[in-house]
Amino acid sequence: MKKYLLGCGICAALVLFSACGGAKRKPADGLSGELSLSGAFALYPLAVQWTGEFQAEHPGVRVDISAGGAGKGMTDVLAGVVDFGMVSREVYPPEQAKGAVGFAVAKDAVAPTVNAANPLLPELLKHGLSRETAIKIWITGEITTWGQVLGTDDETPLHAYTRSDACGAAETWALWLGAKQEDLGGTAVFGDPGVAAAIQKDVYGIGLNNIGYIYDNDTHRPNDGLAVLPIDTDGDGTISDEEYFYDTKERFIEAIAADRYPSPPARDLYLVTNGVPADPVMIAFLDYVLSKGQQKNVPAGYIGMSQEKIAHSMQLLHPEDKTTAE
């Protein structure tokens, strides 16, 4: 009898052990699997927040995310290496023909950055950067001094920087100049953080950065050593009060949302899939990003998508649901 009771006790303990974690249990919400994302530095900080919250809500899902440029994101997703490519530019027709489907999930902008210790900074902030001058810096190479930017005979040298990796930031900047990324001149540096660091080290440097790499997350003002060179949108050689909104991240975001900053270099950011997703985890993640996840956009330094674009993406994701088109 004692042996029988002991055996029952052992069996009960084994059942309890299994129920309490000895055996792997399915998550309470029933959603489990893996997600992988790679691509644009521009979207990476926001995507990290999205994936963090999504995993907290769905502990059965494991996410792997890495930044490496929009070109890498597009290449990876079309090759089936990742589930989502983070792409900070439009999805081109040849990519669509290969199966790329773009879901617009946020908006931000590329801006010209200079060293905060540039001796001519006060004059540059008043004068700004016109599209024509930017073309002469990055495309034709005609401008090599800061005096040429200001229309003076000052011979302070100008050092232009661009991106070495295939990326949406450089492609969007080039598009504003009527060119392609490969047409951009200057010293090529890898990644958004790389360009920002190069400008911080070069008092005569000028580069291009996404908002997320210009402003400090705590102060919401430009990072130490960086300043934004205002864009002279009307080309009159003077930055008016209406054209200056770069002192804080909030003001810049508001200006982009109000179309006071040119587009390009403002642009939509995309999560790209290879075909319309059928995997439940991918669908759930996109549903989250296009709904609850949009609440993270503005606090993180991005702009939320319009209801029209959200509806369009939802219709792509759920073509069988006619209500998403309404």
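Student: Where in the chain is A117 found?

Tutor: In this predicted model, A117 sits in the loop that runs between strand β4 (100–115) and helix α5 (121–127).

Student: Is A117 buried or exposed?

Tutor: A117 has a relative accessible area of 52%, and because the cut-off for an exposed residue is over 50%, A117 counts as exposed. Its C-alpha atom is separated by 8.8 Å from that of A227, although the two residues are 110 residues apart along the chain.

Student: How many helices and strands does the chain have, and what share of its residues counts as buried?

Tutor: The chain has 12 helices and nine strands, and of its 326 residues 48% count as buried. Where contacts between residues at least 6 apart in sequence are considered, 73% of them join residues that are at least 24 apart.

Student: What describes a pair of aromatic rings?

Tutor: The general idea is that such a pair is described by the distance of the ring centres and by the angle of the planes. The count for this structure comes to 15 aromatic pairs. For F84 and F285 the ring centres are 5.5 Å apart and the planes stand at 55°, so the pair is classed as tilted. This pair links distant parts of the chain, since F84 belongs to strand β3 (residues 84–87) and F285 to helix α11 (residues 280–289), with their positions 201 residues apart in sequence. F84 counts as buried, at 0% relative accessibility, and F285 is also buried, with a value of 0%.

Student: Which geometry do F252 and Y261 have as an aromatic pair?

Tutor: F252 and Y261 form an edge-to-face pair, with 5.0 Å from centre to centre and 75° between the planes. F252 is buried at 0% relative accessibility, and Y261, with a relative accessible area of 3%, is buried as well. Both residues belong to a cluster in which ring pairs link Y215, Y244, F245, Y246, F252 and Y261.

Student: At what angle do helices α2 and α11 pack?

Tutor: Helix α2 (residues 44–57) packs against α11 at an angle of about 120°, the axes being 11 Å apart, and the crossing is right-handed. On the α2 side the contact is made by Q49, W50, T51, E53, F54 and E57, while α11 contributes V281, A284, F285, Y288 and V289. Sorted by class, this contact has seven nonpolar, two polar and two charged residues.

Student: When can side chains of opposite charge pair?

Tutor: They can pair when their charged atoms come close. The structure holds 10 salt bridges. In one of them the side chains of R89 and E95 meet with an N to O distance of 2.7 Å; R89 is buried, with a relative accessible area of 10%, and E95 is likewise buried, at 13%.

Student: Which residue forms a salt bridge with D165, and which residues make up the network of salt bridges?

Tutor: D165 forms a salt bridge with R163, their closest N and O atoms being 2.8 Å apart, and both D165 and R163 are buried. The network of salt bridges links R163, D165 and D192.

Student: What do K309 and D268 tie together?

Tutor: The salt bridge between K309 and D268 has its closest N and O atoms 2.5 Å apart. K309 lies in helix α12 (residues 307–317) and D268 in strand β9 (residues 266–274), so the pair ties together parts that are 41 residues apart in sequence. K309 is partly exposed, with a relative accessible area of 35%, whereas D268 counts as buried at 8%.

Student: Which sign of phi do most residues other than glycine have, and are most peptide bonds cis or trans?

Tutor: Most residues other than glycine have a negative phi, and most peptide bonds are trans. In this model, a cis peptide bond joins S263 and P264, with omega about -10°, and the bond from P264 to P265 is also cis, with omega near 15°. P264 is placed in the loop between α10 (249–257) and β9, and P265 is found in the loop between α10 and β9 too.

Student: What is the phi of H220, and what is that of D259?

Tutor: H220 has a positive phi near 65° and lies in the loop between β7 (205–210) and β8 (226–228). D259, which is not a glycine, has a positive phi of about 60°; its place is in the loop between α10 and β9, and it is exposed, with a relative accessible area of 60%.

Key: Residues are numbered from 1 along each chain as its sequence is written. This is a predicted model: local features need pLDDT of at least 70, side-chain atom pairs count only at pLDDT 80 or more; totals for chains, interfaces and linings use all residues. Side-chain values use heavy atoms; hydrogens and water are left out. Rings of Phe, Tyr and Trp (its six-membered ring) pair if their centres lie within 6.5 Å; planes under 30 degrees apart count as stacked, over 60 as edge-to-face and the rest as tilted. Helices (H or I, at least four residues) and strands (E, at least two) are DSSP runs, numbered from the N terminus. Buried means under 20% relative accessible area, exposed over 50%, partly exposed in between (1.4 Å probe, protein chains only). Axes are lines fitted to C-alpha atoms, for helices over the stretch in contact, and angles run from 0 to 180 degrees between N-to-C directions. A crossing is left-handed if the near helix is turned anticlockwise from the far one by less than a right angle, and right-handed if clockwise. Contact means heavy atoms within 4.5 Å. Ala, Val, Leu, Ile, Met, Phe, Trp, Tyr, Cys and Pro count as nonpolar, Asp, Glu, Lys and Arg as charged, and the others, Gly among them, as polar. A salt bridge is a side-chain nitrogen of Lys or Arg within 4 Å of a carboxyl oxygen of Asp or Glu.
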